[in-house]
Amino acid sequence: MTTKMMYSDIFRARILEIQKCIENECFLSALSMALTLPDICGKAAYPELGNTKRYIQWYNTTMSDMFAEGTDMPYLSGELIYNLRNSILHSGNPNISVKDIKNDQCRVDKFILECKPNGAVWGGSMSRSSPTDTYWKQIGINIPPFCELLVEKALEYYVNNKDKFTFFDYTMIG
């Protein structure tokens, strides 16, 4: 049986699979798939930009203000999340490459992933042992609520901009 899926179906299918992964506690799979949503939405929003710029632009426009605290604390910037996406999808490593983070505020010494379905989306901290020491910074993402938030924002963007998602041409055989 061959099914030609319309572009709306494949986007919603991706969303449903992310939600199923969370329900079944397949958190790394959920995160891997959820991190592709800014790729897809970024392509719809900014088709003239390259992958990196449109991913970061869409994420920063849609998500980053929820995480930036207006202090010097590290936060979940588009650059940091794009870095995580690259590490997971290209290296299988659920970590960030600190050397590739250009924004000093988001360059951290330790990155942590949590799997607590009812916990906070993220957390960050800075500390130093004396006023002359350099700050030690860490940031963490709680996978289930982070994925749920990405899904919510991507689906909201999709629903409000369906006409921009004309680039899907997909066939599934099953």
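**Fold, core and salt bridges of the predicted model**

The secondary structure of the protein comprises six helices and five strands, as found in a model that is predicted. Read from the N terminus, these elements follow one another in the order β-α-α-α-α-α-β-β-β-α-β. The protein has 174 residues, of which 41% count as buried. Its accessible surface amounts to about 9600 Å², and carbon and sulfur atoms contribute 49% of that area. When contacts with a separation of 6 or more are considered, 65% of them in the protein join residues that stand 24 or more positions apart.

Among the strands, S4, which spans residues 136-142, is largely enclosed by the rest of the structure, because five of its seven residues are buried. This strand is joined to strand S2 (residues 110-114) by five bridges, and the two strands run parallel. Within this pairing, Ile-112 has Gly-140 of S4 as its bridge partner.

In soluble globular proteins, nonpolar side chains tend to be buried together. In the present model, the largest nonpolar core contains 47 residues, and those with the most contacts inside it are Phe-11, Leu-35, Phe-67, Leu-76, Leu-80, Ile-81 and Phe-146. At least two residues of this core are supplied by each of helix H1 (7-23), helix H2 (27-34), H3, helix H4 (51-62), H5, S4 and helix H6 (143-160). Of these contributions, the largest share is that of H6, which provides nine residues. The surroundings of Leu-80 may serve as an illustration: once its neighbours within four places in sequence are left aside, Leu-80 is in contact with Tyr-75, Ile-96, Ile-101, Cys-106, Phe-111 and Ile-139.

A further residue examined in some detail is Ser-87, which has its place in helix H5. Ser-87 counts as buried, since its relative accessibility is 11%, and a residue is taken as buried when this value is under 20%. If residues up to four places away in sequence are not counted, Ser-87 touches Gly-92, Asn-93, Asn-95, Ile-96 and Ser-97. Ile-96 is thus named among the contacts of Ser-87 and also among those of Leu-80.

Charged side chains were examined next, and the structure was found to hold four salt bridges. In one of them, the side chains of Arg-85 and Asp-39 meet with an N to O distance of 2.8 Å. Because Arg-85 lies in helix H5 (residues 78-91) and Asp-39 in helix H3 (residues 37-45), this pair ties together parts that are 46 residues apart in sequence. Both partners, Arg-85 and Asp-39, are buried.

A salt bridge is also formed between Asp-100 and Lys-99, whose closest N and O atoms are 3.5 Å apart. Here Asp-100 is partly exposed, with a relative accessible area of 41%, whereas Lys-99 is exposed, with a relative accessible area of 70%. In another salt bridge, the side chains of Asp-104 and Arg-107 meet at 2.6 Å, from N to O. Arg-107 counts as partly exposed, its relative accessibility being 32%. The salt bridges described here therefore include a pair in which both residues, Arg-85 and Asp-39, are buried, as well as one that involves the exposed residue Lys-99.

Conventions: Residues are numbered from 1 along each chain as its sequence is written. This is a predicted model: local features need pLDDT of at least 70, side-chain atom pairs count only at pLDDT 80 or more; totals for chains, interfaces and linings use all residues. Side-chain values use heavy atoms; hydrogens and water are left out. Buried means under 20% relative accessible area, exposed over 50%, partly exposed in between (1.4 Å probe, protein chains only). Helices (H or I, at least four residues) and strands (E, at least two) are DSSP runs, numbered from the N terminus. Two strands pair if DSSP finds at least two bridges between them. Contact means heavy atoms within 4.5 Å. Accessible areas come from the Shrake-Rupley method with a 1.4 Å probe; for residues, only the protein chains shown count as cover. A nonpolar core is a set of buried Ala, Val, Leu, Ile, Met, Phe, Trp, Tyr and Cys residues joined through side-chain atoms within 4.5 Å.
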